Amino acid sequence: MIYPKIPLAQSIIQICLAKGILDIVISPGSRNAPLTIGFASNPNFKCYSIADERCAAFFALGIAQQIKRPVVVVCTSGSALLNYYPAVAEAFYSQIPLVVISADRPQNKIDIGDGQTIRQENVFENHSLYNANLTEEASKINDHKINEAIDAAFYKKGPVHINAPFEEPLYETVSELSVDAMVHHFAGLNPIIPLEDLTAFVDIWNQSTKKLVLVGVNDPDAISNTTIEAFANDESVVVMTETTSNLPHPSFISNIDTIITPFTTEDFEDFCPDILVTFGGMIVSKRIKAFLRKYKPKQHWHIDSLRAYDTFGILTKHFEANPNTFFANFMPLTVSIKSDYFEKMNRIKVIRKEKQAAFLTKVPFSDFSVFDTIIKSLPKEIQLQISNSSAIRYAQLMEIDSSIEVFCNRGTSGIDGSTSTAIGAAVVNNKPTVFITGDVSFLYDSNALWNNYIPKNFKIILVNNGGGGIFRILPGHNETEVFHTFFETSHGLTAEHLAKMYGFEYIIANDEMTLQKGLKQLYAQNKQAAILEVFTPTLENDAVLKQFFKELI
């Protein structure tokens, strides 16, 4: 076996291996050579080489999103580290375990004018669960910090940063380890907290005729069928889910904006729940946020073992428990109560569905019709990754087959690493992956395709409307040069040459007929990854969407 000669690098590698962290994403560089040599020379690790650090971090995030274990990202010193920050922030808010290991110059080389040398210690302080600033020599103190950092990523679910200074020479190797790293686990980071007495909360629940369960980003199969059916069979409960909730049921409302956008003041007042129960990650719908901030429920309970954001300004109770565990204990204590809350909302749901179907029979070719066609065409039992901005918002309006697992970077809701994340997820998920994205998001993260690990069953559906279509949907836009240049970012670019350069099959669609044909061709392609680029009319998309909401009334 080949090991790096530098003892500190040996310690880091030993501790990662001992804790079962086997997925390592490395960006080429010189200062991180001791780590690169150690990880890549050990067959126990699965190493990936991704040159662009921003892409590398999001690629690692995609892997961690799927395997639910920390993934290591390794970079050289200097500005390389700063390119990890968008993914670090996403991991922080999405509660995804990520271990950033940065090589650094020794402390006496900082701020003396050396190239690729910056102040790296604590650089992610605002969005990191633990910052291990190591000293140059291997030591028990360093080992302790490395252990604590990795355990924090595991048990607190988020990013940590290990900064390791190395002095030259960097490339020397040995055949035997010179240090025996200390490995320990901190039980205190993962305490088993018994559920508190739920009696008072059960009493409130059993007396309330209007209960709204709102689910944010949620892992597939995270909630038991027993709990799902308990909600579905309670006439005083309305469950609202989102595309990213991965909680399908025929009685749940999965298209929130379609339901509540046409509401009058009277409708909102009638819909306002006595109790709001939330679990899962971030909520996409701005309309449901605005509603709950204005029409405030008496109670808001959030269920999460780690965090509770007061999204609506009305949080009354944070249950620090896994939602599945909480409901398994809570729901058997509840009783049925006479209510028309569910029935009222279900009637509206049926009407909205009829209105949407009628609208689709006459809608022109546009983003709206394209997303409807795409969503209906998706093969069953796949993984669906969606980029942010317009893509996720259009997807919210469509019903997605219950067999499909859906993911999106909703921690910070940025467009910056959607493609890289989707590719990382596709690499470790055995299911075929379809990634739906917009043109600006795709172009922004085009270095994601500079990747040697993209599976042949990875499909990209790129909806190109010539700019940032989200800014046309938002209120206040005007057809001015400032809007086109600085907001919409109008362009005439396509993915054709990128596809050719990176070895993707490239398919074009620009009307309903070519879209249907292109989708069939896309799903039939099994020999190489493929991109279907769909061109939609820039100036018509927002008008179509606004008309859709008008015709729901």
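This section describes the nonpolar cores, a buried strand with its neighbours, and a covered helix in a predicted model.

The largest nonpolar core is a good place to begin, and it has 44 residues. Within this core, the residues with the most contacts are Val-25, Tyr-84, Phe-442, Phe-458, Ile-460, Phe-504 and Ile-531. Several elements each supply at least two of its residues: helix 3 (53–67), helix 4 (79–82), helix 5 (85–94), helix 16 (418–428) and helix 20 (496–502), together with strand 4 (71–75), strand 5 (98–104) and strand 17 (458–464). Helix 3 provides the largest share of this core, with 10 residues. The surroundings of Tyr-84 can be followed residue by residue. Leaving aside residues up to four places away in sequence, Tyr-84 touches Ser-27, Glu-53, Ala-57, Val-73, Val-74, Cys-75, Val-100 and Phe-124. Another core, of 40 residues, lies apart from the largest one, and its members include Ala-391, Ile-436, Ala-530 and Val-534.

Attention turns next to strand 7, which spans residues 159–165 and is mostly covered, with seven of its seven residues buried. Pro-159, His-161, Asn-163 and Pro-165 point one way from the strand, while Val-160, Ile-162 and Ala-164 point the other way, and all are buried. Strand 7 runs parallel to strand 5, to which seven bridges join it; here Leu-98 has Pro-159 as its bridge partner. Strand 6 (residues 131–133) also runs parallel to strand 7, and three bridges join the two. In this pairing, the partner of Asn-131 in strand 7 is His-161. A right-handed β-α-β unit is made by strand 6, helix 6 (residues 140–156) and strand 7.

Helix 16, already met as a contributor to the largest core, is mostly covered as well, with nine of its 11 residues buried. These buried residues are Ser-418, Thr-419, Ser-420, Thr-421, Ala-422, Ile-423, Gly-424, Ala-425 and Ala-426. Their cover includes helix 3, strand 14 (383–386), strand 16 (433–438), helix 17 and strand 17.

Helix 17 covers residues 439–444 and holds Asp-439. Asp-439 counts as buried because its relative accessibility is 3%, and the cut-off for that label is under 20%. A polar atom of the Asp-439 side chain lies 3.0 Å from the backbone nitrogen of Asn-465.

Note on methods:
Residues are numbered from 1 along each chain as its sequence is written. This is a predicted model: local features need pLDDT of at least 70, side-chain atom pairs count only at pLDDT 80 or more; totals for chains, interfaces and linings use all residues. Side-chain values use heavy atoms; hydrogens and water are left out. A nonpolar core is a set of buried Ala, Val, Leu, Ile, Met, Phe, Trp, Tyr and Cys residues joined through side-chain atoms within 4.5 Å. Buried means under 20% relative accessible area, exposed over 50%, partly exposed in between (1.4 Å probe, protein chains only). Helices (H or I, at least four residues) and strands (E, at least two) are DSSP runs, numbered from the N terminus. Contact means heavy atoms within 4.5 Å. Two strands pair if DSSP finds at least two bridges between them. A crossover is right-handed if, with the strands pointing away from the viewer, the path from the first strand over the helix to the second runs clockwise. A polar contact is a pair of N or O atoms within 3.5 Å; within protein, one must be able to donate a hydrogen and the other to accept it, and residues adjacent in sequence count only if both atoms are side-chain atoms.
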